[in-house]
Amino acid sequence: MSTTAQEAPPGADEALQAEFDARIAANQRIEPRDWMPEAYRRTLIRQISQHAHSEIIGMQPEGDWIATAPSLRRKAILLAKVQDEAGHGLYLYAAAETLGVDRGDLTERLIEGRQKYSSIFNYPSLSYADVGVIGWLVDGAAICNQVPLCRTSFGPYARAMVRICKEESFHQRQGYELLMRMMEGTEGQRKMVQDAVDRWWWPSLMMFGPPDADSPNTRQSMTWGIKIDTNDDLRQKFVDMTVPQAEKLGVTLPDPELVWNAERGQHDFGEPDWNELKQVISGAGPKNAERVTRRRAAHEKGAWVREAATAYAEKQQKKSAQEAAA
Ligand SMILES: [Fe+2]
Ligand SMILES: [Fe+2]
């Protein structure tokens, strides 16, 4: 074993671990310079980078409709929404970088298929009603998932989530408002909305991940204060929140087992097709290949921007070094 001047004395790790545990137990934040267990760091890097990838890949299904938005107003709203998602990706890559990884490397992992992103973005958006339904259901599910993350134990992640959640809430409302307008329109428009709800409902429920019994990492993540609620609790919350909104909108949620359970004070609902989720996560969803190919092409096309920014930064550094020497 080599020795260095910085090497910790025997027992130091235990003391650090105890201090870390005490801070988690007291609901205090862990910051990038604080000592943290390696497994905590690795879990956070995985979770934050997958979250960042989801924001960036998530620009694609709705981005497909920017050029053919039905009005200038709808185009402006959609552009702003998709641009927000790019911003979310950037905050999250920046939060991941505080854990000692490089965002260029994270992007490589995404485009080489070594890291995942949310399964929901592997479904196609087939009509403009999908823009509304994605805002209402997908951003709605994201809000359920992400509001508790504002209290997650790692400081930079929690702080990024505060701003992201504010914007997600705008996304959800714009989606719902679009659907309201369509439901006041023609019979054809109402059919488009119902069709989009039928296609997106089950994938939205799958956004919360597998059932708790099949989610082996949940307990450890909850002990570390990274995860606050279980997948099933969040899914239940989403269903209870969405049912009255669907009624007001005048659409039917495509689940014959969906019914209010007065005893539990919550809705009962059917089981999503977990095999479908497994398939989509493992790369066999309807749009997996296209999403990643497009992301790779965008990354390659952007190489000149990264090169120019690096050259500019080097030039600026040289200039300030010369000025300091003069
Ligand atoms: Fe987002
Ligand atoms: Fe969003």
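The following paragraphs describe the fold, the two iron sites, one buried helical residue and the enclosed and open spaces of a predicted model.

In this predicted model, local features need pLDDT of at least 70 and side-chain atom pairs count only at pLDDT 80 or more, whereas totals for chains, interfaces and linings use all residues. Residues are numbered from 1 along each chain as its sequence is written, chains are lettered from A and ligands numbered from 1 in the order in which they are written, and side-chain values use heavy atoms, with hydrogens and water left out.

The chain contains 13 helices and 2 strands, where helices (H or I, at least four residues) and strands (E, at least two) are DSSP runs numbered from the N terminus. Its C-alpha trace extends over about 75 × 55 × 35 Å along the principal axes. Of the 326 residues, 45% count as buried, a term that stands for under 20% relative accessible area, with exposed meaning over 50% and partly exposed in between (1.4 Å probe, protein chains only). Among the contacts with a separation of 6 or more, 77% are made by residues 24 or more positions apart, a contact being heavy atoms within 4.5 Å.

The iron ion (ligand 1) has as its protein donors Glu55 (OE), Glu85 (OE), His88 (ND1) and Glu168 (OE), at 2.0 to 2.2 Å. Donors are N, O and S atoms within 2.8 Å of the metal (3.2 Å for Na, K and Ca), and water is not among the atoms, so sites may look incomplete. The 4 donor atoms of the iron ion (ligand 1) make angles of 87 to 135°, and the site is tetrahedral. Four donors count as tetrahedral if all angles lie between 85 and 135 degrees; four count as square planar and six as octahedral if opposite donors are over 155 degrees apart and all others between 65 and 115, and anything else is irregular. Along the sequence, the donor residues of the iron ion (ligand 1) follow the spacing E-x29-E-x2-H-x79-E. Because Glu55 lies in helix H2 (residues 38-57) and His88 in helix H4 (residues 72-97), this pair ties together parts that are 33 residues apart in sequence. Glu55 counts as buried at 5% relative accessibility, and His88 counts as buried at 0%.

The second site, that of the iron ion (ligand 2), has the protein donors Glu85 (OE), Asp139 (OD), Glu168 (OE) and His171 (ND1), lying 1.9 to 2.2 Å from the metal. Here the 4 donor atoms subtend angles of 88 to 152°, and the arrangement is therefore irregular. The spacing of these donors along the chain is E-x53-D-x28-E-x2-H. Glu85 lies in helix H4 and His171 in helix H7, so that the pair ties together parts 86 residues apart in sequence; both Glu85 and His171 are buried. The two iron ions, ligand 2 and ligand 1, are 3.4 Å apart, and Glu85 coordinates both.

Ala141 is placed in helix H6 and is buried, with a relative accessible area of 0%. When residues up to four places away in sequence are not counted, Ala141 touches Ser204, Met207, Phe208 and Phe238. Ala141 and Leu234, although 93 residues apart in sequence, are 8.6 Å apart in space, C-alpha to C-alpha.

Cavities and pockets were located on a 1 Å grid over the protein atoms alone: a cavity is a set of points where a 1.4 Å probe fits but cannot get out, a pocket is an open set with protein on both sides within 12 Å along at least five of seven lines, and lining residues have an atom within 4 Å of a point. Grid points are joined across faces, edges and corners, and a volume is the space filled by probe spheres set on the points. The structure holds 1 cavity of 30 Å³ or more, and the largest cavity is lined by Arg74, Ile77, Leu78, Tyr128, Val131, Gln174 and Leu178. Helices H4, H6 (128-146) and H7 (155-183) each give two or more residues to this lining, with H4 giving the most, at 3 residues.

The largest pocket has a volume of about 1200 Å³ and a lining of 45 residues, of which Gln47, Gln50, Asn145, Met207 and Gly209 lie nearest its centre. H2 gives the most to this lining, with 7 residues.
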